[in-house]
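Here are my notes on the model, set out as numbered points for a reader who is new to this kind of work. Please keep the sequence and the 3D view open while going through them.

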Amino acid sequence: IIAERRGSPALVASCVSAMAATNTAGRLLGGVVIDRLSARQALGAVSAFSAAGMAVALFGPPTAAAAVAALLLTMASFGLLTTTIPVALTRHVGRALFGRAYGLVFFSWGLAGLSAPWAAGGLYDLFGGYGAAYAFSLGAAVLSCLAGASLPADPAPLASVKA
């Protein structure tokens, strides 16, 4: 994606490290977010990072810098979701059903992770660029925001967190 927008090999390589760091930061921040917000608020908000990343990719300037920004926003979302989903599941299904629910969520996430690159590649071949894949991903991210925001209230009161 970066190379397609004329990014240098050095920028591509450094972006891989930046994506790992952004994912890690998202995981750490996700713990703070889910400790302070309801599952509805957290999952609705953190999916917005992915939507923002796809919006930058789709509507932003066709530059390598915009591609880096899109990828970093997407990786922040991934990190945030990796932490917030297990806590949200525990709140909503309880510990007795957590294992089953967690398994289904991450099986689905893994299936998407395996199939999405192939689908994006097919859309790239069909349309001559990543625009259709970005549009599809933006739509999925917006649906994710809406799904998170439409969760019922957490069943138990949140414990206050002292910073």
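Does L143 count as buried or exposed? The first point takes up this question, after a word on the kind of model shown: this is a predicted model, and everything below should be read with that in mind.

1. A residue on the outside. L143 is found in helix α4, which covers residues 131–149, and because its relative accessibility is 58%, above the 50% cut-off, L143 counts as exposed. L143 is also part of a nonpolar patch on the surface, which it forms together with V142 and L146, and the accessible area of these three residues together is about 290 Å².

2. A residue beneath that region. A51, whose place is in helix α2, counts as buried because its relative accessibility is 11%, under the 20% cut-off. If residues up to four places away in sequence are not counted, A51 touches L138, A141 and V142, and V142 is one of the members of the surface patch described in the first point. Distance along the chain and distance in space can be compared here as well, since A51 and P61 are 10 residues apart in sequence, while their C-alpha atoms are 16 Å apart.

3. The largest nonpolar core. This core has 12 residues, among them V33, I34, A39, L43, V46, L81 and A101. The helices α1 (9–36), α2 (39–59) and α3 (64–127) each supply at least two of its residues, and α3 gives the most, with six residues. One member worth finding in the 3D view is L81, which, leaving aside its neighbours within four places in sequence, is in contact with L43, V46, S47, P86 and W109.

4. A second core. Separate from the largest core there is another one of seven residues, including M54, A57, A70 and L138. M54 lies in helix α2 and, because its relative accessibility is 12%, counts as buried. Beyond the neighbours within four places in sequence, M54 is in contact with T74, Y134, S137 and L138. For one of these partners the positions along the chain are worth checking, since M54 and S137 are 83 residues apart along the chain, yet their C-alpha atoms are separated by 6.5 Å.

5. Two buried residues with hydroxyl-bearing names to look up. S77 is found in helix α3 and, because its relative accessibility is 3%, counts as buried; leaving aside neighbours within four places in sequence, S77 is in contact with V46, S47, F49 and S50. T22, in helix α1, is buried too, with a relative accessible area of 19%, and with the same sequence neighbours left aside, T22 is in contact with L72, M75 and A76.

6. Aromatic rings. A pair of aromatic rings is described by the distance of the centres and the angle of the planes. The count comes to six aromatic pairs in this model, and one of them is the pair of F78 and W109, which is edge-to-face, with 5.0 Å from centre to centre and 65 degrees between the planes. F78 is partly exposed, with a relative accessible area of 30%, and W109 is likewise partly exposed, with a relative accessible area of 23%. Both residues belong to one aromatic cluster, which is formed by F78, F98, Y102, F106 and W109.

7. One salt bridge. Side chains of opposite charge can pair when their charged atoms come close. The count comes to one salt bridge, which R91 forms with D154, the closest N and O atoms being 3.0 Å apart. The pair links distant parts of the chain, with R91 in helix α3 and D154 in the segment after α4, 63 residues apart. A reader should also note that both R91 and D154 are buried.

8. A backbone angle to check. Most residues other than glycine have a negative phi. R6 is not a glycine, although it has a positive phi of about 65 degrees. The place of R6 is in the segment before α1, and R6 is exposed, with a relative accessible area of 78%.

Terms used
Residues numbered from 1 in each chain as written. Predicted model: local features only at pLDDT ≥ 70, side-chain atom pairs only at ≥ 80, totals over all residues. Heavy atoms only, no water. Core = buried A, V, L, I, M, F, W, Y, C linked by side-chain atoms within 4.5 Å. Buried < 20%, exposed > 50% of the residue type's maximum accessible area, 1.4 Å probe, protein only. Helix = DSSP H or I, 4+ residues; strand = E, 2+ residues; numbered from the N terminus. Contact = heavy atoms within 4.5 Å. Patch = residues over 30% accessible without salt bridge, like charges linked within 9 Å, V, L, I, M, F, W, Y side chains within 5 Å. Areas by Shrake-Rupley, 256 points an atom, 1.4 Å probe, with all protein chains shown as cover. Salt bridge = Lys/Arg side-chain N within 4 Å of Asp/Glu carboxyl O. Phe/Tyr/Trp six-rings, centres within 6.5 Å; stacked < 30°, edge-to-face > 60°.
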